[in-house]
Amino acid sequence: MYRSRIILLRLVPVGLGGKSAKSKIFLNLGIVMANGGNLVPVPWYPVIWNRLNLPKHSIIGWLAIQCRLLTKDRLLRFNIISDGYCDMCLDHLEDHTHLLYRCRFSVCCWRLLADWLDINLPDTDILNWCIRWRCRSLMKKQIVITAIMAMIYQIWNARNICRVDN
Ligand SMILES: [Zn+2]
């Protein structure tokens with residue numbers, strides 16, 4: 001059911017085109033209008049909308065790759081909160097890079113995942129690394145991307161649990 005809704009949302013830009021705010025939101029799901037009116041996927045489209053991803057992982061990954069998760073640095077900018085420290089380590093300002101890749105908790109998670117997958121992951125910006133990563137086996141690439149997307153979701157979920165528990 002969720003997957004069919006996402007597919008529907010992805011198809012909306014084809015019908016809308018236009019420059020309304022609504023169509024812009026849908027276009028940001030991963031399809032942009034190129035010269036000549038052709039619809040072309042953005043580079044991260046196959047990573048975020050990988051067919052093996054759970055829809056909830058895709059949504060959080062979609063927000064993360066655009067740096068649109070409501071991390072504390074963004075909430076500070078909107079004056080919604082006054083304390084910007086990461087709830088996981090209580091040591092640094094929480095922004096996308098810190099939360100997803102630099103926090104002690106995240107670093108530990110990525111190491112465990114890299115060992116489990118038997119693959120070398122970069123220290124930071126793993127989502128963009130997925131776009132550039134060349135792999136001979138399409139199935140292996142899809143499985144690795146699925147695991148990475150699940151990890152992004154789990155880190156975000158752990159952060160939210162930490163935040164509520166504090
Ligand atoms: Zn931290």
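**A zinc site, a buried serine and two aromatic pairs**

His 98 has a relative accessibility of 7% and therefore counts as buried, since the limit for that class is under 20%. This value, like the others reported here, was computed from a predicted model. His 98 also takes part in binding a metal: the zinc ion has as its protein donors Cys 86 through SG, Cys 89 through SG, His 98 through NE2 and Cys 103 through SG, at 2.1 to 2.3 Å from the ion. Because the angles subtended by the four donor atoms around the zinc ion run from 102 to 116°, the arrangement is tetrahedral, a class that requires all angles to lie between 85 and 135 degrees. Along the sequence, the donor residues of the zinc ion follow the spacing C-x2-C-x8-H-x4-C. Within this set, Cys 86 and His 98 link distant parts of the chain, being twelve residues apart, with Cys 86 in the loop between α5 (72-77) and α6 (96-102) and His 98 in helix α6. Cys 86, for its part, is buried, with a relative accessible area of 0%.

A further buried position was examined in helix α4, which spans residues 55-65 and contains Ser 58. The relative accessibility of Ser 58 is 3%, so this residue counts as buried. Its side chain is joined to that of Asn 53 by a polar contact of 3.5 Å. When neighbours within four places in sequence are left aside, the residues in contact with Ser 58 are Ile 48, Trp 49, Asn 53 and Met 149, and Asn 53 thus appears both among these contacts and as the partner in the polar contact.

Aromatic rings were considered next. A pair of such rings is described by the distance of the centres and the angle of the planes. With ring centres required to lie within 6.5 Å, the count comes to two aromatic pairs. One of them is formed by Tyr 101 and Trp 110, whose rings are 6.1 Å apart, centre to centre, with 25° between the planes, and this pair is stacked. Tyr 101 is buried at a relative accessible area of 6%, and Trp 110, with a relative accessibility of 5%, likewise counts as buried. In the pair formed by Trp 129 and Trp 133, the ring centres lie 5.1 Å apart and the planes meet at 20°, so that this pair is stacked, the angle being under the 30 degrees set for that class. Both Trp 129 and Trp 133 are buried.

Technical notes:
Residues are numbered from 1 along each chain as its sequence is written. This is a predicted model: local features need pLDDT of at least 70, side-chain atom pairs count only at pLDDT 80 or more; totals for chains, interfaces and linings use all residues. Side-chain values use heavy atoms; hydrogens and water are left out. Rings of Phe, Tyr and Trp (its six-membered ring) pair if their centres lie within 6.5 Å; planes under 30 degrees apart count as stacked, over 60 as edge-to-face and the rest as tilted. Buried means under 20% relative accessible area, exposed over 50%, partly exposed in between (1.4 Å probe, protein chains only). Helices (H or I, at least four residues) and strands (E, at least two) are DSSP runs, numbered from the N terminus. A polar contact is a pair of N or O atoms within 3.5 Å; within protein, one must be able to donate a hydrogen and the other to accept it, and residues adjacent in sequence count only if both atoms are side-chain atoms. Contact means heavy atoms within 4.5 Å. Donors are N, O and S atoms within 2.8 Å of the metal (3.2 Å for Na, K and Ca); water is not among the atoms, so sites may look incomplete. Four donors count as tetrahedral if all angles lie between 85 and 135 degrees; four count as square planar and six as octahedral if opposite donors are over 155 degrees apart and all others between 65 and 115; anything else is irregular.
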